[in-house]
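Student: I would like to learn how to read pockets and interfaces in a model. Could you walk me through one?

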2 protein chains.
Amino acid sequence: MNDSTGYSAENCSIARTLQIVGERWSLLILREAFYGNRRFEQFQRRIGIARNLLATRLATLVEHGILDRQSYQEPGQRSRHEYRLTAKGKELYPILVALLDWGDRHVADPEGPALLLQHRDCGAPVHAELRCEAGHGQLAPRDVTATPGPGARLLPSA
Amino acid sequence: MNDSTGYSAENCSIARTLQIVGERWSLLILREAFYGNRRFEQFQRRIGIARNLLATRLATLVEHGILDRQSYQEPGQRSRHEYRLTAKGKELYPILVALLDWGDRHVADPEGPALLLQHRDCGAPVHAELRCEAGHGQLAPRDVTATPGPGARLLPSA
């Protein structure tokens, strides 16, 4: 990428995404949702997050349409909620896989990754890869140029 | 992905990556580093982060080998530091592109993305895409299975 001096970083899509999910607990809640966990107690137990924090983070994710909150009731029990990923929420998956890839390379235990992601159809390992729409893959930062898009805002001083 | 109940999330590579870079300011510093910005003042001005927070975050990124701190001196000025992405740091790029992709789809201004990433060689737009090593691309969460890897730890109660 190249320098973007002269343009405002104010409406940057990275910053806006981070405002919604860019908090460690939120991303761990989403990890659990991708594992198929849906219930407050499951999130709480697996993440080890304080209940009040978990409630706040879940409310934020519901508010932004990333998780959908539904009621369910088991026989003889009171009504509870479960949280399911929406289509918008499922589109966050590449972010989690990219975090996993980097962690597996740099901070995994000596034994290796704790988790393996595989393509359901063929069994090959899955990664988040930078590709262009013309099909060129495994791009590195030096292969990518950044230019102002239609929403770019010039800095007042530029 | 499928349920991972029975296995510990303690040594999860996602959680470990987030412990290092999973703080909004750190990811915004890295965004600026990928733009080619290297100096404290540039980071400070473009991100709008408090100086003490910026100093702390930079120190953490240097400590983990993500940024390399080097001295430089301009004629007649005192010695200053600049911060460059290491090879390990450059491997974080897919995380930022995945954050950008989601933001562009869901939270960009009506005019469109503020930033366009293009393949330097062919000009086509670049995205972070889930692919398997056998070459099957544009995988969605339902196309991916998660199984315990060599570093998986059984939960005591399982």
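Tutor: Gladly. Helices (H or I, at least four residues) and strands (E, at least two) are DSSP runs, numbered from the N terminus. This is a predicted model, where local features need pLDDT of at least 70, side-chain atom pairs count only at pLDDT 80 or more, and totals for chains, interfaces and linings use all residues. Residues are numbered from 1 along each chain as its sequence is written, chains are lettered from A in the order in which they are written, and side-chain values use heavy atoms, without hydrogens and water.

Student: How is a pocket found, and what volume does the largest pocket have?

Tutor: Rolling a probe the size of a water molecule over the atoms shows where empty space is left. On a 1 Å grid over the protein atoms alone, with a 1.4 Å probe, a pocket is an open set of points with protein on both sides within 12 Å along at least five of seven lines; lining residues have an atom within 4 Å of a point. A volume is the space filled by probe spheres set on the points, which are joined across faces, edges and corners. Here the largest pocket has about 1,000 Å³. Its lining has 44 residues, and the closest to the centre are Leu139(A), Ala140(A), Lys90(B), Glu91(B) and Pro94(B).

Student: Which element gives the largest share of that lining?

Tutor: That is α6(A), with 6 residues. By class, the lining of the largest pocket has 25 nonpolar, 7 polar and 12 charged residues. Ala, Val, Leu, Ile, Met, Phe, Trp, Tyr, Cys and Pro count as nonpolar, Asp, Glu, Lys and Arg as charged, and the others, Gly among them, as polar.

Student: What lines the second largest pocket?

Tutor: This pocket, of about 780 Å³, is lined by 30 residues, with Asp101(B), Arg105(B), His127(B), Ala128(B) and Glu129(B) nearest its centre. The largest share, 6 residues, comes from α6(B).

Student: How many residues does each chain bring to the contact?

Tutor: Contact means heavy atoms within 4.5 Å. Chain A brings 86 residues and chain B brings 86 residues. Buried area is the accessible area (1.4 Å probe) that two parts lose on being put together, summed over both; for chains A and B it is about 8,400 Å², 61% of it on carbon and sulfur atoms.

Student: How many salt bridges are there between chain A and chain B?

Tutor: A salt bridge is a side-chain nitrogen of Lys or Arg within 4 Å of a carboxyl oxygen of Asp or Glu. The count between the two chains is 8. Arg131(A) and Glu129(B) form a salt bridge at 3.9 Å, N to O. On the side of chain A that touches chain B, α6(A) gives the most, with 13 residues.
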